Amino acid sequence: YKPSVSPEMDIMEYCRKEWRGNTPVAKRMRKGYEAVAQKFASIRRIRGDNYCAFRATLFQALSHTTQLPGWLQSEDFAVLPENLLSKYDWIKQWQLKQKPGKKMGEISDEIKEYLILLRKKWKNISEIKDPLKKQEACDKLFKNEEEEYSLYEALKFLMLNTAIELYNADKNGRRVPVFSWLLFARDTSSNPCQLMHNHLNHIGHSGGLEQVEMFLLAYALQYTIQVYRLYKHSTDEFITLYPNDPEEDWPVVTLITEDDRHYNIPVRMCQETML
């Protein structure tokens, strides 16, 4: 068993271990880590299994949460699967990681359970006032593999729901964020049904999140995801925000990537930064 979120390690020590050579790439990575180290003291490695974007984002969100987000409090939240199924028959083709081959008609109750689990865990952790105890609760949750993967299924379903909302808004002539056009401009996802078949059903199995899907995740959670993209150091894409025009009241989580495929998390903000 590999831990989902490894214990924290000094960020520059980690960098020296990973990037020893003198190639242009190694030099750029070291510069990138030095820039991150101005703000954060440590790094925690995230297990890479095509869920790492979910794992890093959710872990960071729960580690800092102080209240249950509004969308998790809505009365319709738990009945989302049956509401969507009543409108879109194609959702029956949804694939669950734990139950490949089972169709959505049979698993709608399970997705409902996963959504309720997400709300319960988020509520419990948000109510813990002591930062150390909050961290312990997060560590414990991310050691429970079954619960952890259930939460990712909930996140994927929320992304599908958000995609459907954006697609319908655009069709009805309402303003949508630019990434929504890009999402549905792909040959493989020109509508939510294709997005599910060709992308969401594969996340965690054969692929992780693509860039445009990072925007979708941010919108589904109503969080701004700030990413240090180390290989883009010294360009204006070094720190990328998803979405790039975030709502002011959205909380922010910070991730680190070396290649836009695998994500780790920086922890322990340096004192002077906080002041």
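What follows is an informal chat about a predicted model, held between a colleague and the modeller.

Colleague: Let's start with helix 3; is it largely enclosed or exposed, and how many of its 13 residues are buried?

Modeller: Helix 3 is largely enclosed by the rest of the structure. Its buried residues include Cys-52, Phe-54, Arg-55, Leu-58 and Gln-60. Buried here means under 20% relative accessible area. The number of buried residues in helix 3 is twelve.

Colleague: How far apart are the end C-alpha atoms of helix 3?

Modeller: Helix 3 covers residues 52-64, and at 1.5 Å a residue its 13 residues should span 18 Å. The distance in the model agrees with that expectation, the end C-alpha atoms being apart by 18 Å.

Colleague: On to charges: how many salt bridges does the model have?

Modeller: In general, side chains of opposite charge can pair when their charged atoms come close. The rule used here asks for a side-chain nitrogen of Lys or Arg within 4 Å of a carboxyl oxygen of Asp or Glu. By that rule the count of salt bridges is 16.

Colleague: Which residue forms a salt bridge with Asp-139?

Modeller: The closest N and O atoms of this pair are 3.0 Å apart. The bridge links distant parts of the chain, from Asp-139 in helix 7 (residues 131-141) to a partner in strand 2 (residues 40-44), 95 residues apart. That partner is buried, with a relative accessible area of 7%. The partner of Asp-139 is Arg-44.

Colleague: And which residue meets Lys-112 in a salt bridge?

Modeller: The N to O distance of this bridge is 3.7 Å. Lys-112 sits in helix 6 (residues 104-126) and its partner in helix 5 (residues 80-87), 30 residues apart along the chain. Lys-112 is partly exposed at 26% relative accessibility, and the partner is partly exposed too, at 36%. The residue that meets Lys-112 is Glu-82.

Colleague: Take Glu-213 and Arg-186, whose side chains meet in a salt bridge; how many residues apart in sequence are the parts they tie together?

Modeller: The side chains of Glu-213 and Arg-186 meet at 3.0 Å, N to O. Glu-213 lies in helix 11 (residues 211-221), while Arg-186 is in the loop between helix 9 and helix 10 (192-198). Glu-213 is buried at 1% relative accessibility, and Arg-186 is buried as well, at 15%. The pair therefore ties together parts whose separation in sequence is 27 residues.

Colleague: Which residues do salt bridges join into one network?

Modeller: The salt bridges in question share partners, and that is how the network is joined. Its members are Arg-229, Lys-232, Glu-237 and Asp-260.

Colleague: What about the surface: which residues form a negative patch?

Modeller: Glu-247, one of the members, lies in the loop between strand 4 (239-242) and strand 5 (252-257). Glu-247 counts as partly exposed because its relative accessible area is 42%. The negative surface patch is formed by Asp-245, Glu-247, Glu-248 and Asp-249.

Colleague: Which residues make the nonpolar surface patch?

Modeller: One of them, Trp-181, belongs to helix 9 (residues 178-185). The patch has an area of about 340 Å². Its makers are Val-178, Trp-181 and Leu-182.

Colleague: Now the backbone: which residues does a cis peptide bond join?

Modeller: Most peptide bonds are trans, and most residues other than glycine have a negative phi. For this cis bond, omega is about -10°. One of the two residues, Pro-243, is found in the loop between strand 4 and strand 5. The bond joins Tyr-242 and Pro-243.

Colleague: What is the phi of Gln-222?

Modeller: Gln-222 is in the loop between helix 11 and strand 3 (224-229). Gln-222 counts as partly exposed because its relative accessibility is 36%. Its phi is positive even though Gln-222 is a residue other than glycine, with a value near 55°.

Colleague: And Ser-234: what is its phi?

Modeller: Ser-234 is placed in the loop between strand 3 and strand 4. Ser-234 counts as exposed because its relative accessibility is 61%. Ser-234 is not a glycine, yet its phi is positive, at about 70°.

Terms used: Residues are numbered from 1 along each chain as its sequence is written. This is a predicted model: local features need pLDDT of at least 70, side-chain atom pairs count only at pLDDT 80 or more; totals for chains, interfaces and linings use all residues. Side-chain values use heavy atoms; hydrogens and water are left out. Patches are made of residues with over 30% relative accessible area and no salt bridge: like charges are joined within 9 Å, nonpolar side chains (Val, Leu, Ile, Met, Phe, Trp, Tyr) within 5 Å. Accessible areas come from the Shrake-Rupley method with a 1.4 Å probe; for residues, only the protein chains shown count as cover. Lys and Arg count as positive and Asp and Glu as negative; His and the chain ends are not counted. The place of a charge is taken as NZ of Lys, CZ of Arg, CG of Asp or CD of Glu. Helices (H or I, at least four residues) and strands (E, at least two) are DSSP runs, numbered from the N terminus. Buried means under 20% relative accessible area, exposed over 50%, partly exposed in between (1.4 Å probe, protein chains only). The expected span of a helix is 1.5 Å times one less than its number of residues.
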